[in-house]
Amino acid sequence: MSESNSRRSFLKLGLGAAAIAPVSALGLSSAAFAATNPNDIQWDDEMDVLVIGSGMAGMIAAIRAAETDASAKVVVADKMSRLGGSSLISGLNMAVVGSDLQQNIGVTDDSWELLLKDIEREAKGYNHRELTEVAAKGTLKLYNFLKEHGVKYDMSIGGGTGVKKLGGHSKARCVWPQGGGTEVIKKLQGYCSSQLTNVEIRKKILLDEILRNGEGRVIGVKVREKYRFSRKHDDLGDNDNPTINSSGKVKYYKVKRGLVMATGGYNQDRKFRGDEVGTMYNAASTTQPGATGGAIKAMIMAGFKPIHMTLFRFAFPIPTEDIRWGILVNPRTGERFVDEYNNNDRQAIGMAILEERRHIDGEHTVLIYDQKGAEHYHDQQRFHLSLDGKNGINGTIWKFDTLEALADNFKMDTKLLKANIDKYNKNMAMDQDEYHKPKGVLKEASSISQPPFYAMQLNPRYNYAQGGAMITPKAEAVDVVTGKPIEGAFVCGEASAGTYGYIRLTACSTIDCGTFGMVAGENAAKTTPWA
């Protein structure tokens, strides 16, 4: 390995300018990566297809690659000691158009075009439609793929129908895999071990660098085997920095056909995400600890085009549409600070909460309902499960007979709280809310007045990164300089970007991971070997 190749510095591309190295073979004067001469490398291992990441996207990509060409050697590599990524701790509910479960309840007028419309309503023009169409068109194929590979669906959903209508969806089309992400990953891994002799799954393999030759093709990767992830550095993303966590032995893998990046998001990398959006430095995340920024940095360093890096998605412990029935208050002043409806814009509400918390040393804001508001919850099952801490996943809602008891529980000034509630009630009666919350969306719940009262600490959790590597409909990575597909490079799932945009619609992360996982795996296996 030459010294020039072994001492590659991180090219600070991000959303700004790229450090560049001459690559005349591209037909341009420069390129955003350091070209590698394959003759300079002593390869330690080789495979036809290398999939980085063992979550849903990665496992599906590996299976499709292996099934597309049974002679191809497919390797799945994950940096963690526990496989599955964030998929492992996700419910993996997904929107499916045309499933047997949907047909069983008489929904026959759904279509991928209607799903596309629902997705684009939330995307607000940020999405790349050609990518969104791939996800919307591929839901039934994904649904059947999972069934064919051992996944069953939860029939307790929707009153025993197995299908449910979620917020933002115009039809009842959302299904849940039985056992959630844990069971899905288990089934897919089990299928690989029992049915596919050409798939190997490896743990504790950290990707350090993606290698491209003088023509721009991906030819391999630099990794560290027997890497040890440490929670000591995970919140700053320093686990992926070899000067801080140098564990593991450096190896070079020759990837003859295609590299599939299925590494998920960077939600746990507080500095990386906070550099893009200031309030995100301290936002909690629901993803697995290994969702740090190393993979996206490696892709940027290799000239993959990053887009949508300032976009992200919040999750709340309750449905976003049910926040409107209450009022959000600062616990120190008892004052409101946001329109709790905000046209169901979870991002706007979440950002307002985080900004308010910045002014009160990180204290949690409090969401307060009265009995009328509680009765208007669209998901009553979820509401009652959350009462008294009966559901640790969805959070805790407390019930109080009086506002005095509520204020005492959250260490609030009762007089200040009552004064602000009175102001809210009077303004709403005249439909003149100071934050422009429309009375019409509240029906009979336009005041906080009828006991008992309910309250919870409402905190947005960062659960999805729309930012990542731009791809084509074939899941090919796009070069930041040429704007053309990078030969031998594919990206799928949360590591990619462009499918959604401003907001990712509920129950759609799974279809993005799954449909593009299938596309990436198949196309990687069909790619002509470079050596």
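Colleague: In this predicted model, which way does H4 pass H5, in a right-handed or a left-handed crossing?

Modeller: The crossing of H4 past H5 is right-handed. As a general idea, two packed helices are described by the angle between their axes and the distance between the axes. Here the axes of H4 (residues 112–123) and H5 (residues 129–137) cross at roughly 130° and come within 9 Å.

Colleague: And what word goes with that angle?

Modeller: H4 and H5 are described as oblique to each other, because angles count as roughly antiparallel over 145 degrees and as roughly perpendicular from 65 to 115.

Colleague: Which residues make the contact?

Modeller: H4 brings Trp112, Leu115, Leu116, Ile119 and Glu120, while H5 brings Arg129, Thr132, Glu133, Ala136 and Lys137. Sorted by class, the H4 contact with H5 holds five nonpolar, four charged and one polar residues.

Colleague: Let's try H2. What do I read where H2 meets H7?

Modeller: Start with the two numbers again: the axes of H2 and H7 (residues 180–195) come within 10 Å and cross at roughly 25°. That angle is under 35 degrees, so H2 is roughly parallel to H7. The handedness comes next, and H2 passes H7 in a left-handed crossing.

Colleague: Which side chains should I click on there?

Modeller: On H2, pick Met56, Met59, Ile60, Ile63 and Glu67; on H7, pick Ile185, Leu188, Gln189, Tyr191 and Cys192. The H2 contact with H7 has eight nonpolar residues, one polar and one charged.

Colleague: How does H2 cross H15?

Modeller: The axes of H2 and H15 (residues 509–526) come within 7 Å, crossing at roughly 35°. H2 passes H15 in a right-handed crossing. The H2 residues in this contact are Met56, Ala57, Ile60, Ala61, Arg64, Ala65 and Thr68. On the H15 side you will find Thr510, Cys513, Gly514, Gly517, Met518, Gly521, Glu522, Ala525 and Lys526. By class, the contact of H2 with H15 divides into eight nonpolar, five polar and three charged residues.

Colleague: Now the nonpolar core. Which residues touch the most other members of the largest one?

Modeller: In that core of 101 residues, those are Leu50, Leu146, Met261 and Phe304. Helix H2 (residues 56–68) gives the largest share, nine residues.

Colleague: What does phenylalanine 304 touch, leaving aside its neighbours within four places in sequence?

Modeller: Phenylalanine 304 is in contact with Ile210, Val218, Met261, Met299, Ala469, Ala477, Val478, Val480, Ile486, Ala489 and Val491. There is also a second, separate core of 41 residues, with Ile349, Leu406, Phe453 and Leu458 among them.

Colleague: Backbone next. Where is there a cis peptide bond?

Modeller: Look at omega: it is about 0° for the cis peptide bond joining proline 451 and proline 452. Proline 452 sits in the loop between helix H14 (414–429) and strand E15 (453–458).

Colleague: What about phi of asparagine 342?

Modeller: Phi of asparagine 342 is near 50°, which is positive in a residue other than glycine. You can find asparagine 342 in the loop between strand E12 (327–329) and helix H10 (346–358). With 23% relative accessibility, asparagine 342 counts as partly exposed.

Aspartate 361 also has a positive phi, near 55°, and is a residue other than glycine. Its place is the loop between H10 and strand E13 (365–369). Aspartate 361 counts as exposed because its relative accessible area is 68% and the cut-off is over 50%.

Colleague: Is glutamine 268 buried or exposed?

Modeller: Glutamine 268 is buried, because its relative accessibility is 14% and buried means under 20%. This residue lies in the loop between strand E8 (249–261) and helix H8 (270–276). For a link along the chain, compare sequence with space: glutamine 268 and threonine 292 are 24 residues apart in sequence, and their C-alpha atoms are 5.1 Å apart.

Colleague: What can I read in that way for histidine 378?

Modeller: The C-alpha atoms of histidine 378 and aspartate 322 are separated by 6.8 Å, with their positions 56 residues apart along the chain. Not counting residues up to four places away in sequence, histidine 378 touches Pro319, Glu321 and Asp322. Histidine 378 is in the loop between helix H11 (371–375) and helix H12 (380–386), and at 45% relative accessible area it is partly exposed.

Methods
Residues numbered from 1 in each chain as written. Predicted model: local features only at pLDDT ≥ 70, side-chain atom pairs only at ≥ 80, totals over all residues. Heavy atoms only, no water. Axes fitted to C-alpha atoms, helices over the stretch in contact; angles between N-to-C directions. Helix = DSSP H or I, 4+ residues; strand = E, 2+ residues; numbered from the N terminus. Left-handed = near helix turned anticlockwise from the far one by under 90°. Contact = heavy atoms within 4.5 Å. Nonpolar A, V, L, I, M, F, W, Y, C, P; charged D, E, K, R; others polar. Core = buried A, V, L, I, M, F, W, Y, C linked by side-chain atoms within 4.5 Å. Buried < 20%, exposed > 50% of the residue type's maximum accessible area, 1.4 Å probe, protein only.
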